[in-house]
Amino acid sequence: MKSFFIGNKEVQIPIIQGGMGVGISLSGLAAAVANEGGVGVISCAGIGLLYKRTPADYLKDSIWGLKEELRKVREKTNGIVGVNIMVALTNFADMVRTSIEEKADIIFSGAGLPLDLPSYLKPDSKTLLVPIVSSARAAKLICHKWSTNFNYLPDAIVVEGPKAGGHLGFKRDQIEDENYMLEQIVPEVLEVVSQYASDKKIPIIAGGGISNGEEMLKFINLGASAVQLGSLFVPTYECDASVKFKNVYIDSSIGDLSIIQSPVGMPGRAFGGEFMKSAIKGEQKPKGCPYHCIKTCDYANSPYCIMKALFNASKGNMNKGYAFAGANAFLADKMSSVKEVIQRLKYEIELAQIKFDALLLQAVK
Ligand SMILES: Cc1cc2nc3c(=O)[nH]c(=O)nc-3n(C[C@H](O)[C@H](O)[C@H](O)COP(=O)(O)O)c2cc1C
């Protein structure tokens, strides 16, 4: 596995751990991945619920929670650690400002277009900015707006395909459509980015459904500098979710995965379980909205409160929530350490490289 640069930071292995809310990737998982030479990412979605104080104040508790997680992660690693901040969050600006003030290495931002993200940087800010997109069109728009309005280009771009877990930047009918496959979108984004990157190299990071070293190599051979992995890191000792949440991954089969319509207004992939069946029947309708956490959520017409459902699941209360998961999450069959996951990927990528080189040699002969 080759190192690569995001801005001035050299990432020793080409692996970014995808931010996973609510409470799935916090300082524990992020530090473990960063200690292996990848980029660890704290998700700040719903962090105010995890750090609820009395009297509760979701917005203030979120700022405090993020500061705490960034403090804890620094006690565990000197590696590279980012924060994932969804544009759809009502406290997006608070989370971005806090990350920059607390000197997070990188902000990853998707679930919407982070068109004004560079406006939060101060002249002495060190935080790097990495948007997450699902199309070349979105990558172009961000590069155009950022360069025109802020004289800034993304420090890297994550391209997330339709096999990812969590919210998906695709319409339902695009999810199975071959034209929207990650293999299709990565070269399109590379093409767009090549028109902008002259002095600045913008590495492309491919994510969504990648489950082994051979698939990693496929995207690296397509021109990606690294991959973003989420689901592979869930059934690990270091993942911050409850063991019950992790066991959903280990005990599941492919038929347990489904595409759900999220109150955020985007489709999502999840192990929906009994909770989702009950929500579809209209049994989980929220009685009120204590957090106002998602800009696009119309709680009066929502089948359930997504923040509560994801929070409950992260605590292992699977009857009152569900687990987001990538298309290959059902392949998990045991709990491992982050080190073991990464060692397996290294081994598989080496094997895949040998296979690839042999095929190439045969073709040349
Ligand atoms: C449990 C879970 C929670 C997630 N939460 C977020 C999130 O809060 N913000 C975000 O941008 N992406 C989120 N994602 C997407 C991941 O960051 C990652 O890009 C994606 O899962 C990659 O696909 P994979 O899981 O197949 O590796 C989540 C994914 C999972 C599985």
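Colleague: What makes Ala111 stand out in the loop between strand S6 (106–109) and strand S7 (128–133)?

Modeller: In this predicted model, Ala111 has a positive phi of about 55°, and Ala111 is not a glycine. Most residues other than glycine have a negative phi. Ala111 therefore departs from what most such residues do.

Colleague: Why is the peptide bond from Gly21 to Val22 called cis?

Modeller: Its omega is near -5°. Val22 sits in the loop between strand S3 (15–17) and H1. Most peptide bonds are trans.

Colleague: Where is the cis bond that involves Pro55?

Modeller: Thr54 and Pro55 are joined by it, with omega about -5°. Pro55 belongs to the loop between helix H2 (47–50) and H3.

Colleague: How do you know that Glu160 makes a polar contact with the ligand?

Modeller: A polar contact needs a pair of N or O atoms within 3.5 Å. A polar side-chain atom of Glu160 is 2.4 Å from a ligand oxygen atom, so the pair qualifies.

Colleague: What makes Gln228 and Gly230 polar contacts of the ligand?

Modeller: An N or O atom in the side chain of Gln228 is 2.8 Å from an oxygen atom of the ligand. For Gly230 a polar backbone atom is used, 2.9 Å from a ligand oxygen. Both distances are within 3.5 Å, so both pairs count. Taken alone, the ligand exposes 600 Å², and the protein buries 95% of that.

Colleague: Which residues around the ligand are closest, and how does the shell divide by class?

Modeller: The ligand is surrounded by 23 residues, and the closest are Gly19, Glu160, Gly209, Gln228 and Ser231. The shell has eight nonpolar, 13 polar and two charged residues. Glycine counts as polar, so Gly19 and Gly209 fall in that class.

Colleague: What describes the packing of helix H1 (residues 27–35) against helix H3 (residues 58–76)?

Modeller: Their axes are 9 Å apart, at an angle of about 35°. H1 passes H3 in a right-handed crossing. On H1 the contact uses Ser27, Gly28, Ala30, Ala31 and Asn35, and on H3 Glu69, Lys72, Val73 and Lys76.

Colleague: What makes three residues of that contact charged?

Modeller: Glu and Lys count as charged, so Glu69, Lys72 and Lys76 are the three. The contact also has three nonpolar and three polar residues.

How values were computed: Residues numbered from 1 in each chain as written. Predicted model: local features only at pLDDT ≥ 70, side-chain atom pairs only at ≥ 80, totals over all residues. Heavy atoms only, no water. Axes fitted to C-alpha atoms, helices over the stretch in contact; angles between N-to-C directions. Helix = DSSP H or I, 4+ residues; strand = E, 2+ residues; numbered from the N terminus. Left-handed = near helix turned anticlockwise from the far one by under 90°. Contact = heavy atoms within 4.5 Å. Near = heavy atom within 4 Å. Polar contact = N/O pair within 3.5 Å; in protein donor to acceptor, adjacent residues only side chain to side chain. Areas by Shrake-Rupley, 256 points an atom, 1.4 Å probe, with all protein chains shown as cover.
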